[in-house]
Amino acid sequence: MRYAFYQIGTSAIATDAFARTIGIDAVALPSPNLDTISRGVSLSPEFSCFPFKVLLGLLMQGIDRGANVFVVPVSRSVSSCQLADFGMAQKHILTRTGHDVDIILLDTIRPDRVLESFRKYKTDVTLMHVSEGLVIAAQKLLLLEGVEDGYRDIYLSVRKQKAEAFRLRWMREIDGTDSILDLHALGRRMDEDRGRYPKADVGSLLRIAVIGDIYSINEKIINNNIFERLCDLNVYPENGIKLKMLFANGIHAAPEDLALSGKAREYLRHNIGGFALDTVKSAIRFAEKGFDGLLHIYPFSCMPEIVVRTILPGLGADYDIPILNLPIDEQTGDAGFTTRVEAFVDLIDVRRSRRRATPNRSAGNGKRGNGS
Amino acid sequence: MGIPVPVLPKHPGLRPGRPETAQDRTIRIGIPRALFYYIYFPFWETFFTELGAEVVVSDPTTRKILEDGLNGSSNELCLPIKLLHGHIVNLKDRCDFVFLPYIISTQKGSYYCPKLIAAPDIAKAGIRGLSLMSADVDIENFYSSLYSSLKEVASKLTTNPVRIYAAYRKAMARQAVFEGYVQGGTLFNDALSRMRGKALAKNVAGARPARGGPVIAVIGHTYLFNDAYISFDLIGKLRKMGGRIVTSDTLSAGLVNKTLSTLESRTHWSLGNRVIGSAIHYSRRNDVDGIIYITPFGCSPDSLIKEYIDANLGRKKPMLLLTVDEHSGDAGVVTRLEAFFDMIARTAPRAG
């Protein structure tokens, strides 16, 4: 049995560590390219969402590399979007096209269920292994978040090459460390390294939070490398839906988070699945932090995000923050995407300078503005 | 924000503690003729009528309603949700509250589509200041029960728990009668007429007719094929062309579950499971000649449900996938149906 894990952005570093911990052989998938997309699109149903198509393409490339069991990291117990059905639908499609594959659902907050699914092929896995694997994977996702933040800060304050070097170095180190304690120490060393670079001048830069569907935000190839684009436009970008939420979705412990939930539920009363409620919460959080704009990126025909897209205009008016909705799919062109982002950045830049000129109407002070 | 609070002076009878009198104007509750109307209407109608309210239903879909729906909602939403918006516009000035429940799950382990769950939120975003009345229906959630959320809704009508409970029981009974009719092979509109004691039209298709034209199974979401306007009167057209109709509704829940249990896995969509279960059940039956699967443009659950169906079809028989949206034309549908009937005639010469 050779396994391949679903891959979102840099998540392979975490899933590989999980595979090593429980002792299975994981096939490395490439990062999605044009070939991935065209292969996925050719076999997918027309209205399935874009991530479905790209992931199907990735699985086919995984088959080329010898994988026959696919692991779908999804917590079925908390998230009711299409993601929970992806695996089976993809299996049906692959079976129809003559590939003999199996799908395992990896319920990230239930180690017992994960154990159950892996026991099917590998009998000597224990709950200890699985729990350790999940902890290490979660730890790595947290560290990767630090790497991306560091990359952004260095990119803005120093220059691109330095940022690339920083990212490359720490990704390699995180990938090579497979113990909970060592990862802990690594995190501290990384913070020290990050502290050696000058801080980005956040006060003078425009700040934009990118919110929306987790896959589209965290997979650079799909979102036209939006974070770097924003940095190039002299914008301080913030990721609203981070990869670690694959683990923490549904667990809202922080008091700040509870208060946000209350506000978010005025717009969206229930957790309708996917990352819809998280997107609404992020939108409110960054509006209250005084960000200058929100970029809502989601795949065409993504049900939870379309609901959010319907709700956001009213929310934007209440919290006085401009929002740009960017649906993406295989038809999205690079130039059109960039033009819209550039125009949006220009608009909020003008808006901010106008507000600075009239100080009694300070931009996005977190209170309900003149919209409501 | 939140659910708008009713303006009290307009409804003196609403004030808690005040005895109800005959002079109080009855409260009008509007139910849009869309989405869950086609599944739970008898329940809500009975419940509200029993509590002394007047139930108003929006008009059957017309060009105007559809256009209102298209103009007022985001263009990425699917047709049934856009239509819901149109029906609310049609309704909102004729009633005190528009009733729109948050229906999350009505069976263990399966949910409704996110857009359906959030339908009241979408309505609120589309029409600001709408007087909306809502209940949470969530069987999956241990802490909420249908009765407790009903009590919340009913508090606008009465504070007497005995009356609420009696209305709830009666509504459950009516719903059971309705479901009995529908699952016994009566189509939605006929079932409603039957509940009102009206005589049925002659050409109603039974589930297992003895002889006649081909038996067509219409599969899809009940709120799509039962709406004559947006489905281009699919059912009426099929009847005119001599088809006898069974639908994904005219099948008992037990039979659907039995069919689903023979499959490797099911989806976690309530409506989707019924579509899959009925499609596969009909495909295995010898007395069904063809299957028409009607789906709204851009329905993401349906696109994956089609994969489940394709992977598990019993016998090969003609299957037509009919995607409809606001731009579809009547002529296109007729042509495809005619071709479909020709295909049935060619592929399955009936023995009897």
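These are questions and replies on the chain contact, the domains of chain A and one sheet of chain B.

Me: What makes a feature count here?
Reply: This is a predicted model, so local features need pLDDT of at least 70, side-chain atom pairs count only at pLDDT 80 or more, and totals for chains, interfaces and linings use all residues. Residues are numbered from 1 along each chain as its sequence is written, while chains are lettered from A and ligands numbered from 1 in the order in which they are written.

Me: What makes two residues of chain A and chain B a contact, and how many residues take part?
Reply: Their C-beta atoms, placed from the backbone, must lie within 7 Å. By that rule, chain A gives 35 residues and chain B gives 31 residues.

Me: Which elements of chain B supply at least two residues each to the side that touches chain A?
Reply: They are β4 (102-105), α4 (114-117), α5 (119-126) and α13 (300-312) of chain B. Helices (H or I, at least four residues) and strands (E, at least two) are DSSP runs, numbered from the N terminus. The largest share, eight residues, comes from α13(B).

Me: How do you know where the domains of chain A begin and end?
Reply: The bounds come from an automatic or database domain assignment. That assignment gives domain 1 (3-125), domain 2 (126-200) and domain 3 (201-372).

Me: What lies between domain 1 and domain 2 of chain A?
Reply: Their C-alpha centres lie 25 Å apart. The contact takes 15 residues from domain 1 and 17 residues from domain 2 of chain A. On the domain 1 side, α1 (12-22) and α5 (111-119) of chain A each supply at least two residues. The largest share, eight residues, is from α1(A).

Me: Why are β7 and β8 of chain B called paired?
Reply: Two strands pair if DSSP finds at least two bridges between them. Strand β7 (residues 215-220) and β8 of chain B have four bridges, in the parallel sense. Therefore they count as paired. In β8(B), Arg244(B) is the bridge partner of Val215(B).

Me: What makes β8 and β10 of chain B edge strands?
Reply: Each pairs on one side only. The open sheet has four strands in the order β8-β7-β9-β10 (chain B), with parallel pairing. Its edges are β8 (244-247) and β10 (319-324) of chain B. The twist averages 25° from one strand to the next.

Me: Which helix of chain B packs on this sheet, and what is its angle with β7(B)?
Reply: Helix α12 (residues 270-284) of chain B touches β7, β8 and β9 (290-296) of chain B. Its direction makes about 160° with that of β7(B). Axes are lines fitted to C-alpha atoms, for helices over the stretch in contact, and angles run from 0 to 180 degrees between N-to-C directions.
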